[in-house]
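Let's walk through this structure together, starting with its cysteines and moving on to a helix and a pocket.

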Amino acid sequence: MAEPNQLNKTLGMLLDNIEASGLIKYEYWGLLDFAYPINKMKSGHYCIMCISSTSSIMDEFVRRIKLNENIIRHLSVHVDKFFEGKSHMMNKQVEEQSA
């Protein structure tokens, strides 16, 4: 499992040509448990990125993700509009901290 410094380094390498293109939003959700073990690991670092870019740049981004052995799962979704404010996960974390 990647350490936070390694996570930042990995994201930096993946996003080097995306940031110039259009990284809109990035949220780090933290170290969370998986629903089931994956490659004998029980938890991993979760994040969400909203990226506005061309399909060719996104294809290259997904290709880099697939080649990176530190990333064991990913999901890429095309949307017409990005969500405003914080994500549900970030709001949930704030509620748990204040309770």
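A search of the whole structure turns up zero disulfides, a disulfide being a pair of cysteine sulfur atoms within 2.5 Å. Cys 50 is buried, at 6% relative accessible area, while Cys 47 is partly exposed because its relative accessibility is 31%; buried means under 20%, exposed over 50% and partly exposed in between, using a 1.4 Å probe and protein chains only.

Please keep in mind that this is a predicted model, where local features need pLDDT of at least 70 and side-chain atom pairs pLDDT 80 or more, while totals for chains, interfaces and linings use all residues. Residues are numbered from 1 along each chain as its sequence is written, and side-chain values use heavy atoms, without hydrogens and water.

Now to helix 3, a DSSP run (H or I, at least four residues for helices; E, at least two for strands; both numbered from the N terminus). Its buried residues are Met 58, Phe 61, Val 62 and Ile 65. They sit on the same side of helix 3 because they cover an arc of only 95° around the axis, taken from the directions from the helix axis to the C-beta atoms. On the other side, Ser 56, Asp 59 and Leu 67 are exposed.

Helix 3 also helps line the largest pocket, as do helix 1, strand 1 and strand 2, each with at least two residues. A pocket is an open set of points on a 1 Å grid over the protein atoms alone, where a 1.4 Å probe fits, with protein on both sides within 12 Å along at least five of seven lines; lining residues have an atom within 4 Å of a point. Strand 2 gives the largest share of the lining, ten residues. Among the 46 lining residues, Cys 47 is one of those nearest the centre.
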